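User: Please take a close look at one part of this model and describe it in connected prose. Give the cut-offs for the terms as they come up.

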Amino acid sequence: ICANRNPAYVTIKIDNQKFAKTSQEINCVWNQTFQIHCANPADSCITITLKASCSFVLGKFDMQAHQLLKKGGFINGFFPILMDNGKPNPKLKLKF
């Protein structure tokens, strides 16, 4: 997944404003927790982007903030990471 063993990291944005960034990891596994307090509208878009350290985008996951509100702020499961062409990356999944 990580070309040339370059570390990868994840960014979390709400309506294109960066709120969080994980550490850079070679094994592409993060066991980090983020609490993001915001006053954005419920229709705001939350984007989680997986990038290689060379800033190459490996994929993205988007969800509307109201989806988190319905679930009490917690989500659980596996979600597809989409490539630039909008198709799921078969090698990557996001687990909450």
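How many aromatic pairs does the structure hold, and what surrounds the residues involved?

Analyst: The structure is a predicted model, in which local features need pLDDT of at least 70 and side-chain atom pairs count only at pLDDT 80 or more, while totals for chains, interfaces and linings use all residues. Residues are numbered from 1 along each chain as its sequence is written, and side-chain values use heavy atoms, with hydrogens and water left out.

The structure holds 1 aromatic pair. Rings of Phe, Tyr and Trp (its six-membered ring) pair if their centres lie within 6.5 Å; planes under 30 degrees apart count as stacked, over 60 as edge-to-face and the rest as tilted. The ring centres of Phe61 and Phe79 are 5.2 Å apart and the planes are at 50°, so this pair is tilted. It links distant parts of the chain, since Phe61 lies in strand β4 and Phe79 in strand β5 (residues 78-82), 18 residues apart. Strands here are DSSP runs of E with at least two residues, numbered from the N terminus.

The two rings differ in burial, where buried means under 20% relative accessible area, exposed over 50% and partly exposed in between (1.4 Å probe, protein chains only). Phe61 has a relative accessible area of 10% and is therefore buried; Phe79, at 23%, is partly exposed.

Phe61 also belongs to the largest nonpolar core, which has 16 residues. Such a core is a set of buried Ala, Val, Leu, Ile, Met, Phe, Trp, Tyr and Cys residues joined through side-chain atoms within 4.5 Å. Together with Ile46, Ile48 and Leu50, Phe61 touches the most other members. The elements giving two or more residues to this core are β1 (8-14), β3 (45-52), β4 (57-64) and β6 (88-95). Of these, β1 supplies the largest share, 4 residues.

On the Phe79 side, strand β5 runs antiparallel to β6, and 4 bridges join them; two strands pair if DSSP finds at least two bridges between them. Leu82 has Pro88 in β6 as its bridge partner. The two strands form a hairpin with 5 residues between them, and in the turn Gly86 has a positive phi of about 85°.

Ile48 leads to another residue, Ala20: their C-alpha atoms are separated by 9.5 Å, with the two positions 28 residues apart along the chain counted as their separation. Ala20 lies in strand β2 (residues 17-21) and is buried, with a relative accessible area of 9%.
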